[in-house]
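Trainee: I'm new to this structure and would like a close look at a single part of it. Please pick one stretch and show me how it sits among its surroundings.

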Amino acid sequence: MSENKKAMELKRQLEEILPRKLDKVFKDYGLDLDELLVPLKWKPLVLFIGNYSSGKSTFINEFLGKEIQRTGQAPTDDSFTIITAPEGDEPEGDLTGSTVVNDERFPFESLRGFGQKLLSHLSLKRVKSPVLEHIAIIDTPGMLDSVTEKDRGYDYLGVVGELAKLSDLIVLMFDPHKAGTIKETYKVLRVTLPGAAGEDRVRFVLNRIDECESLEDLLRAYGTLCWNLSQMTGRKDIPRIYLTFAKIEGKTVPQEFLIWSKERDELKKSLLDAPRMRLYHMLQEVDNVVRELALQIEAMENFRKRFRSKFWNFTKTLSLSGLVAFLFGDLAMHLVSGYPETPFVVDLVSRTVTADSFIWPLIWLLVVVAAGALVFQKVTFPLFVKRYASDPDSLVKLKSPFKDA
Ligand SMILES: Nc1nc2c(ncn2[C@@H]2O[C@H](COP(=O)(O)OP(=O)(O)OP(=O)(O)O)[C@@H](O)[C@H]2O)c(=O)[nH]1
Ligand SMILES: [Mg+2]
């Protein structure tokens, strides 16, 4: 069995085991198991993002051995295109954005919330290709400088984040002309990707290196990209950056750049690993959800303990107040209004207690208990809940990086 087939078989087993094992516990804690199962739903996904004209579409065409995507020097793609092979007797051809987000077989329902404008910039292409039997590829509009959500008409970074969450591999492509200086790239690296995907899923690529005039020029572009990456990710260690170029008709590649020819093949090979990455992705998701669940349980348990101790202290105070009210409530009344004629303690001391002597003490006891219960329900408990709701971290001991995050 090939590696990919083994990975797909394991994925199928996970698909079967997860609902069986986790359904009950998810239901008990009011969680949505479907959210966890969404990434399992479809083929492993490879997402291409990067600045405009960095060569994403050219790479995809070359990888698939077909001219599927349009390419060009100025910003060319203004749409998200999901490319995959037809299954069974499905015909080749395109599906519209609204079909893609409304078809339950695909994992893209979450894109529905980004509005009509996005749907008109989203499509799915079914193309026969052996590579696409096991994976699907997403080509995206290139990142631009000084654009706002208003210019695009939809939340571009939000959509990239959503797709990154679903993707098993993400190719982040740069070129020497704009080596990490594009504003949207900054936001993606700084904000979008850290919340959506682990770094092991991202492949950094400096493409179009053949356009550098000399090795010195390439070194400058590489150095600029590394510097920008470390500024953007806040990290000092630099991830592997694939240095690649396409063989473009009519363009000769300088001799000294040929040593990097194999990098493009290595990148393609690593993308074929997507099914295996899907398994890690899946296990990471399960691990995250289970840890989150453990945190919730720990928080709930601590809340229960603190509530119990608060309730116990309140009960003690209320019992004491009830006793005082029982014994001296009618005495206070007597001192203020002269009624009742003989308070309960006087009957008690003079040993003339009758059934009637208990009427006022019992009324006082009832009043105090009822007032206490009301205060607890309307004031003490809401304040208690509010305190922990505004600072839920105080309910868990933050002793690991996972909890800290
Ligand atoms: N010299 C050279 N040109 C390249 C290379 N890769 C792509 N190109 C050219 O660069 C231009 C842009 O390539 P595309 O593949 O359209 O780039 P893209 O990233 O898809 O661009 P957008 O869709 O606008 O985001 C095209 O004219 C390609 O022929 C490369 O490695 N070397
Ligand atoms: Mg393109």
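Mentor: Let's start where Leu 206 of strand S7 stands opposite Leu 243 in strand S8. This is a predicted model, in which local features need pLDDT of at least 70 and side-chain atom pairs count only at pLDDT 80 or more, while totals for chains, interfaces and linings use all residues. Residues are numbered from 1 along each chain as its sequence is written, chains are lettered from A and ligands numbered from 1 in the order in which they are written, and side-chain values use heavy atoms, with hydrogens and water left out.

S8 covers residues 241-243, runs parallel to S7 and is joined to it by 3 bridges. Two strands count as paired if DSSP finds at least two bridges between them. Strands themselves are DSSP runs of type E with at least two residues, and helices are H or I runs of at least four, both numbered from the N terminus.

S7 has another parallel partner in strand S6 (residues 169-174), with 5 bridges between them. Here Ile 170 is the residue opposite Val 202 of S7.

Now for the cover around the strand. S7 spans residues 202-206, and 5 of the 5 are buried, so the strand is largely enclosed by the rest of the structure. Buried means under 20% relative accessible area, exposed over 50%, and partly exposed in between (1.4 Å probe, protein chains only). In a regular strand, side chains alternate between the two faces of the sheet. One side of S7 carries Val 202, Phe 204 and Leu 206, the other Arg 203 and Val 205, and both faces are covered.

For contrast, look at some charged side chains elsewhere. A salt bridge is a side-chain nitrogen of Lys or Arg within 4 Å of a carboxyl oxygen of Asp or Glu, and the whole structure has 18 of them. One of these joins Glu 87 to Lys 43, with their closest N and O atoms 3.9 Å apart. The two partners are 44 residues apart and link distant parts of the chain: Glu 87 is in the loop between strands S2 and S3, and Lys 43 in the loop between helix H2 and strand S1. Glu 87 is partly exposed at 41% relative accessible area, whereas Lys 43 is buried at 9%.

Another salt bridge links Arg 220 and Glu 216, at 3.5 Å from N to O. Both belong to helix H9 (residues 215-233), where they are 4 residues apart and so separated by about one helical turn. Glu 216 counts as exposed, at 55% relative accessibility.
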